[in-house]
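Me: I'd like a close look at one small part of this chain, and then at how that part sits in the whole. Talk me through it casually, but spell out your cut-offs.

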Amino acid sequence: MRQLYSGKNPYIFRGEDGFFLKCVRDNIKNQRTSNSTYEAILNMSNFQEEALLSEADLHKIPVLTSLFFKRNNIITLNPDEVKVKATSSGTKGLQSQLAFDHESYRTGLIMAYRFFSYHKLISGMPTNYIVLGYEPSKHNEAGAIKTAFGVTKFAPAISRVYVMKDTGTDYTLNIGGVEKALKRFAAMPFPVRFVGFPSYLYYLVCELKENGIKLRLHKNSKVILGGGWKQFTDDAIDPETLYKMVDEYLGIPRENCHEFFSAVEHPLPYLKCTYGHFHIPCYSRVIIRDVITFEPVEPGVTGILNFVSPLVGSMPLVSVATDDLAIFYDHRKTPCTCGLEADYFRWVARAGVTQIKTCAVEAAERMEGANR
Ligand SMILES: [Zn+2]
């Protein structure tokens, strides 16, 4: 299985044909024998992994939704086999409980290393980090926090300054501290990386603008965003407007700004290309489903975003529907102008599941509170 995640080029799998399908079948078989809830779900749908004869059959795997993970604890492992735990959102609202075993975790690390090396985001140069999110803490296990912290290991950290600072029991907005740190970092001969939610970055550059501060950070400085644009407020920030502000107030050019898509129930990375497309690595497949019937739709049609991947062995995460609407494109029929020969999806919107509060929603609410 590890072979699927350890190639140098994340978009081309050089192993045997049918390997992805074999890994998916093995994953389902293991989950079936070790997780009685999942076994019941498979039986209810009369699903047999032997029915997966080609990748065109992947849509037949019963799909678990992120809401399902928020309402059910469906971890396959014994507690002593758990390497990393994560939850889906911040401190409020319904949360998914996720657990990863040692093997899935290690394979995930190798994958992340390969993927980010390929995209030239791994660097040996000491770097100062501004984390556009929460400080890791014992009282919060949100996956987004762990992801952001993981990203601060792509280049050796001199220091990490958090927009949401841990007070021991809660968080406090630390924009003043970040501004001070930025002025210090600008005088140092090292790059700065901004990692986390776009909403915080927007808030930060607005503050700089208001205070008349323009910085020229080291030329290798980077912005690495994740967590989406539209779910935190009705007034979506236009990414290109934000990148222009980042260039003006931080001195980081557009080509050093990157955006990723990932989900706590599907902890794999998708990098947005210059043309706004998330290309799909060989690690996973994407199925888009009709919002009402849940049947797969044709490329080019909007629907629910469903990922299939055999990465995680500690939970039945093999086929997961997110709360997002997206469009899938077959790169052979609709090549992307960026030139990357891999299928891709375009993110459209969050599906209308208003009761689910994500980290980003909470971030927006906190910022409103802090502005008052
Ligand atoms: Zn592209």
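Between which two strands is the loop that holds Phe294?

Reply: Phe294 lies in the loop between strand 12 (285-289) and strand 13 (302-308). Before going on, some bookkeeping. This is a predicted model, where local features need pLDDT of at least 70 and side-chain atom pairs count only at pLDDT 80 or more, while totals for chains, interfaces and linings use all residues. Residues are numbered from 1 along each chain as its sequence is written. Helices (H or I, at least four residues) and strands (E, at least two) are DSSP runs numbered from the N terminus.

The backbone at Phe294 deserves a look: its phi is near 65°, a positive value in a residue other than glycine. Most residues other than glycine have a negative phi. Phe294 counts as partly exposed because 15 other C-beta atoms lie within 10 Å; the scale is buried at 20 or more other C-beta atoms within 10 Å, exposed at 12 or fewer and partly exposed in between, with C-beta atoms placed from the backbone. Glu298 is in that loop between strand 12 and strand 13 too, but Glu298 counts as exposed because it has 9 C-beta neighbours inside 10 Å. From Glu298 to Lys138 is 44 Å, C-alpha to C-alpha, with their positions 160 residues apart in sequence.

Now for the strands that the loop connects. Strand 12 and strand 13 pair in the antiparallel sense over five bridges, where pairing takes at least two DSSP bridges between two strands. Val286 has Phe307 of strand 13 as its bridge partner. Strand 13 also pairs with strand 14 (residues 319-329), again antiparallel, over six bridges, and there Val308 has Ser319 of strand 14 as its bridge partner. Six of the seven residues of strand 13 are buried, so the rest of the structure largely encloses that strand.

Zooming out, the chain has 10 helices and 15 strands. Its C-alpha atoms fill a box of roughly 65 × 45 × 40 Å along the principal axes. The radius of gyration, taken over C-alpha atoms, is 21 Å, and this agrees with a compact globule because 372 residues would give a value near 21 Å; that rule is 2.2 Å times the number of residues to the power 0.38. Of the 372 residues, 43% count as buried. Counting contacts between residues at least 6 apart in sequence, 69% join residues at least 24 apart, a contact being two backbone-placed C-beta atoms within 7 Å.

Elsewhere in the chain there's an open sheet of seven strands, in the order 6-5-4-7-8-9-10 and with mixed pairing. Its edges are strand 6 (171-173) and strand 10 (266-271), each of which pairs on one side only. From one strand to the next the twist averages 30°, with angles running from 0 to 180 degrees between N-to-C directions and axes being lines fitted to C-alpha atoms, for helices over the stretch in contact. Strand 5 (residues 157-166) pairs with strand 6 in the antiparallel sense over three bridges, and Lys165 stands opposite Thr172 in strand 6. Helix 7 (residues 175-186) packs on the sheet and touches strand 4 (127-134), strand 5, strand 6 and strand 7 (192-196), its direction making about 160° with that of strand 5.

The largest nonpolar core has 94 residues, and Ile130, Val131, Leu132, Leu201 and Val246 touch the most other members; such a core is a set of buried Ala, Val, Leu, Ile, Met, Phe, Trp, Tyr and Cys residues joined through C-beta atoms within 7 Å. Helix 8 supplies the largest share of this core, seven residues. Leaving aside neighbours within four places in sequence, Val131 has contacts that include Ala148, Val161, Val163 and Val195.

Helix 8 (residues 198-210) has 13 residues and reaches 18 Å from first C-alpha to last, close to the expected 18 Å, which is 1.5 Å times one less than its number of residues. Its buried residues include Tyr200, Leu201, Leu204 and Leu208. After helix 8 comes Gly212, with a positive phi near 65°.

For a companion to Phe294, try Lys120, whose phi is near 60°, also positive in a residue other than glycine. Lys120 lies in the loop between helix 5 (102-118) and strand 4, and Lys120 is exposed because just 9 other C-beta atoms lie within 10 Å.
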